Amino acid sequence: MLAETICSAVSAAGLGIAALTAYRKRFLAATRIAAYALVPVGLVMTGVVAWATGIVFKPTVWAGFAVLGLAWLLFVTTRAIERRAVGAGEGKQKRPKAAKGRPAQEAVAPAASAPSLGDGARPRPAQTAAPAEDFSDIEAILKKHGI
């Protein structure tokens, strides 16, 4: 009963603020404020507020949430223990130990062990233009500007 009264008062105050905002010729903002102000009354009329207050103020509901939390904790714990047991058991294959400072390498097919670099020749960068051509372009620009 108290929650419904509070929601009604909040809605009435919001509608009053919306009326003042509309009086100041800010109709878009006034409409938005009125929309927000009508939400609490709508929640009371649909019964959501009564449902929420019924959940908050009943100790059996809180005990139910505690039991659900405990069940979730047990599921997570058993899953973690199961993963750890499978990881340490026969589920994994043994990998060869690496020498100190070097990572272990896994076996590969013989054809895959040779890198495919082609004929081994590296592409050479294109030769740059002769310096005379670069200066001729610069000279043409300078002559154009009268320098």
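A residue is called buried when its relative accessible area is under 20%, exposed when that area is over 50%, and partly exposed in between. The legends below describe a predicted model.

**View 1. The salt bridge between arginine 79 and glutamate 82.** The side chains of these two residues meet with a nitrogen-to-oxygen distance of 2.9 Å. The count for the model comes to 1 salt bridge. Arginine 79 and glutamate 82 both lie in helix 4, which covers residues 59-88, and because they are 3 residues apart they are separated by about one helical turn.

**View 2. Accessibility of the paired side chains, arginine 79 and glutamate 82.** Arginine 79 has a relative accessibility of 43% and therefore counts as partly exposed. Glutamate 82, with a relative accessible area of 44%, is likewise partly exposed.

**View 3. Helix 2, residues 27-46, from end to end.** Helix 2 contains 20 residues, so at 1.5 Å a residue it should span 28 Å. The C-alpha atoms at its ends are 28 Å apart, in agreement with that expectation. Along its course, helix 2 bends by about 25 degrees at valine 39. A proline, proline 40, follows within four residues of the bend. After helix 2 comes glycine 47, which has a positive phi, near 95 degrees.

**View 4. The buried residues of helix 2.** Four alanines and one proline are buried here: Ala29, Ala30, Ala34, Ala37 and Pro40. Helix 1, residues 2-23, is among the elements that cover these buried residues. Pro40, listed here as buried, is also the proline that follows the bend at valine 39.

How values were computed:
Residues are numbered from 1 along each chain as its sequence is written. This is a predicted model: local features need pLDDT of at least 70, side-chain atom pairs count only at pLDDT 80 or more; totals for chains, interfaces and linings use all residues. Side-chain values use heavy atoms; hydrogens and water are left out. A salt bridge is a side-chain nitrogen of Lys or Arg within 4 Å of a carboxyl oxygen of Asp or Glu. Helices (H or I, at least four residues) and strands (E, at least two) are DSSP runs, numbered from the N terminus. Buried means under 20% relative accessible area, exposed over 50%, partly exposed in between (1.4 Å probe, protein chains only). The expected span of a helix is 1.5 Å times one less than its number of residues. The bend at a residue is the angle between axes fitted to the seven residues ending there and the seven starting there. Contact means heavy atoms within 4.5 Å.
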